[in-house]
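Reader: I have a structure open and would like to talk it through slowly. Could you show it here, so that we can go over it together?

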Amino acid sequence: MNIRIGQGFDVHAFGDGDHVMLGGVRVPHSHGVLAHSDGDVAIHALCDAMLGALSLGDIGRHFPPSDPRWKDADSRAFLRHCRALAAGQGWQLGNADVTVICERPKVGPHVEAMREALSSDLGVGIDAVSVKATTSETLGFTGRGEGIAAMAVCLLVRQ
């Protein structure tokens, strides 16, 4: 088969801080996230989607939070690692679709910068990367402003 599909999900609780990292972009916010790395839910979900399509487990297997090397790590390095794993098996990203779920911060003003960062790290055109956001209509932990989540799906194609 010449295609593979993967899906991913990530969530982090809000904590102290003045920004969140989303899709490789520093987004000002009244809180940070509680995470071992930089806590970029968009990239973490996308990494899980890619790793799933490759049948290589999840992001925690490759970058365990118990490993001090990944303390405060830039998640863009994780994404570049997933790209290299895919290329090593003869795959490249066909397209990716990421949805950030939160009431705040407002994601819309940062979508294009996120698409640019993600497409650069993945080595694909910006037209192959979709980023969007939704709220949970004030329901659940995201609706109460307790945290942030993201979902991602990707298509890998044989090189």
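**Rings, core and sheet**

Author: Let me begin with one side chain: Phe 78 is buried, because its relative accessibility of 3% falls under the 20% cut-off. Please keep in mind throughout that this is a predicted model.

Reader: Okay, and which residues form an aromatic cluster with Phe 78?

Author: Phe 78 forms one aromatic cluster together with Phe 63 and Trp 70. The count for the model comes to 3 aromatic pairs, and one of them joins Phe 63 to Trp 70 in an edge-to-face arrangement, with 4.8 Å from centre to centre and 85° between the planes.

Reader: And how are the rings of Phe 63 and Phe 78 placed, stacked or edge-to-face?

Author: The ring centres of Phe 63 and Phe 78 are 4.0 Å apart and the planes meet at 20°, so this pair is stacked, given that planes under 30 degrees apart count that way. This pair links distant parts of the chain, since Phe 63 sits in the loop between helix H2 (59–62) and H3 while Phe 78 belongs to helix H3, 15 residues apart.

Reader: Are Phe 63 and Trp 70 buried or exposed?

Author: Phe 63 is buried, with a relative accessible area of 9%, and Trp 70 is buried as well, with a value of 19%.

Reader: Changing topic, which residues touch the most other members of the largest nonpolar core?

Author: Those are Leu 22, Leu 46 and Cys 154, in a core of 46 residues. The elements that each give two or more residues to this core include helix H1 (41–53), helix H3 (75–88), helix H4 (111–122) and strand S5 (91–101), and H1 gives the most, with 10 residues. As background, nonpolar side chains in soluble globular proteins tend to be buried together.

Reader: What does Cys 154 touch, leaving out residues up to four places away in sequence?

Author: Cys 154 touches ten residues if I may simply list them: Arg 4, Ile 5, Gly 6, Leu 46, Ala 49, Met 50, Ala 53, Leu 93, Asn 95 and Ala 96.

Reader: Now the strands, please: what is their order in the open sheet?

Author: The open sheet has 5 strands in the order S4-S1-S7-S5-S6, with mixed pairing. Strand S4 (32–33) and S6 are at the edges and have a single partner strand each, so one side of each is left without a neighbour in the sheet.

Reader: How many bridges join S1 and S7?

Author: Strand S1 (residues 3–15) and S7 pair in the antiparallel sense over 11 bridges; among the bridge partners, Asp 10 is matched with Ala 150 in S7, and Arg 4 with Leu 156 in S7. On the S5 side, S5 and S7 also pair in the antiparallel sense, over 10 bridges, and there Trp 91 has Arg 158 of S7 as its bridge partner.

Reader: Where do H1 and H4 lie relative to those strands?

Author: H1 lies across S1, S5 and S7 and runs at about 150° to S1, whereas H4 lies across S5 and S6 and runs at about 140° to S6.

Reader: Lastly, what does the UniProt record say about this chain?

Author: The UniProt entry, which is unreviewed, annotates residues 3–156 as the domain "2-C-methyl-D-erythritol 2,4-cyclodiphosphate synthase". Over those residues the chain is 31% helix and 32% strand, and the end C-alpha atoms are 6 Å apart.

Methods. Residues are numbered from 1 along each chain as its sequence is written. This is a predicted model: local features need pLDDT of at least 70, side-chain atom pairs count only at pLDDT 80 or more; totals for chains, interfaces and linings use all residues. Side-chain values use heavy atoms; hydrogens and water are left out. UniProt positions are given in the numbering used here, feature names are shortened, and annotations may be inferred rather than shown by experiment. Helices (H or I, at least four residues) and strands (E, at least two) are DSSP runs, numbered from the N terminus. A nonpolar core is a set of buried Ala, Val, Leu, Ile, Met, Phe, Trp, Tyr and Cys residues joined through side-chain atoms within 4.5 Å. Buried means under 20% relative accessible area, exposed over 50%, partly exposed in between (1.4 Å probe, protein chains only). Contact means heavy atoms within 4.5 Å. Two strands pair if DSSP finds at least two bridges between them. Axes are lines fitted to C-alpha atoms, for helices over the stretch in contact, and angles run from 0 to 180 degrees between N-to-C directions. Rings of Phe, Tyr and Trp (its six-membered ring) pair if their centres lie within 6.5 Å; planes under 30 degrees apart count as stacked, over 60 as edge-to-face and the rest as tilted.
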